[in-house]
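Student: Please give me a close look at one topic and then carry on from there in one connected account. How many disulfides does the count come to?

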Amino acid sequence: MGKKILVITGSPRKKGNINKLVSAFAGGAIAAGNEVEIFDGATANMDGCHGDKSCSERGFCGLKDDGVKMNELMRWADVLVFASPVYWMGFTSHIKKVIDRFYQFSFPKGRSTIHITDTYLIATAANPDASIFDPMISSYNLVDQLLGFESKGMLLCPGLDGPDAVKDHKEYLEAAVKMGVNV
């Protein structure tokens with residue numbers, strides 16, 4: 001039986017590089033017998049974490065917005081994939097608001113509601129220097145550490161200057177398909 005994969009995206013560009021890589025990843029994952037759901041952080045109607053810690057008692061966030069759907073998908077998934085461009089020093093603000101809502105899963109009641117074990121990261125940047133990903137990788141690793149997940153792979157794609165630049169980098173698209181197949 002295949003795995004249930006939740007991809008959380010953070011790009012406001014519907015036809016941009018990240019979403020093309022996510023499509024390639026999802027195609028590979030589905031071809032390998034997995035199920036894939038995508039939660040679009042850029043279009044989600046979500047408030048940021050209010051930090052009131054009421055989720056520690058309930059085991060879930062009490063805000064009534066698209067975070068409810070995100071919670072359902074987190075409870076459904078075995079595997080979590082973060083997919084975000086770097087615009088300025090790390091994850092986009094769109095995906096960051098989703099990650100902030102993971103706070104509910106840092107408490108025992110919330111953590112007991114999810115069974116995600118593995119994570120992956122797909123990231124793009126216009127900058128050709130791969131060190132541009134360092135702040136994002138640090139955040140990604142901290143999420144894994146805090147929630148007891150294990151990183152199984154990263155696809156870092158520097159040098160994609162323009163929303164359709166990935167078309168000139170077939171190696172990135174092929175790597176995304178391969179990552180999806182091997183989940």
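Tutor: The count comes to 0 disulfides, where a disulfide is a pair of cysteine sulfur atoms within 2.5 Å. Cys49 takes part in none, since the nearest cysteine sulfur, that of Cys55, is 6.3 Å away. Seen from the other side, Cys55 is likewise in no disulfide, and its nearest cysteine sulfur is that of Cys49, at 6.3 Å. In their surroundings, Cys49 is partly exposed at a relative accessible area of 34%, whereas Cys55 is buried at 7%; buried means under 20%, exposed over 50% and partly exposed in between, for a 1.4 Å probe and protein chains only.

The model is predicted, so local features need pLDDT of at least 70 and side-chain atom pairs count only at pLDDT 80 or more, while totals for chains, interfaces and linings use all residues. Residues are numbered from 1 along each chain as its sequence is written, and side-chain values use heavy atoms, with hydrogens and water left out.

Between the two cysteines in the sequence you can find Lys53, in the loop between strand 2 and helix 2 (55-58); helices (H or I, at least four residues) and strands (E, at least two) are DSSP runs numbered from the N terminus. Lys53 is not a glycine, yet its phi is positive, at about 65 degrees, and with a relative accessible area of 47% Lys53 is partly exposed. Met89, in the loop between strand 3 and helix 4, also has a positive phi without being a glycine, near 55 degrees, and Met89 is exposed, at 58% relative accessible area. Most residues other than glycine have a negative phi.

From strand 2 you can turn to its partner, strand 1: residues 4-9 of strand 1 and residues 35-40 of strand 2 pair in the parallel sense over 6 bridges, and strands pair if DSSP finds at least two bridges between them. Within this pair, Lys4 stands opposite Glu35 in strand 2. The chain passes from strand 1 through helix 1 to strand 2 in a right-handed β-α-β crossover, that is, the path over the helix runs clockwise with the strands pointing away from the viewer. Helix 1 is also the place of Lys20, which is partly exposed at 28% relative accessibility. The C-alpha atoms of Lys20 and Leu173 are 7.9 Å apart in space, although the two residues are 153 apart in sequence.

Turning to the pockets, the largest has a volume of about 250 Å³ and is lined by 13 residues, of which Ile99, Asp100, Phe102, Val143 and Leu146 lie nearest its centre. (A pocket is an open set of points on a 1 Å grid over the protein atoms alone, where a 1.4 Å probe fits, with protein on both sides within 12 Å along at least five of seven lines; lining residues have an atom within 4 Å of a point. Points are joined across faces, edges and corners, and a volume is the space filled by probe spheres set on them.) Helix 4 (93-100) and helix 6 (134-147) each supply at least two lining residues of the largest pocket, and helix 6 gives the most, with 6. The second largest pocket holds about 160 Å³ of space; 14 residues line it, with Arg13, Asn17, Pro85, Tyr87 and Leu160 closest to its centre. Helix 1 (17-31), strand 3 (79-86) and strand 4 (118-125) are the elements that give two or more residues to this second lining.
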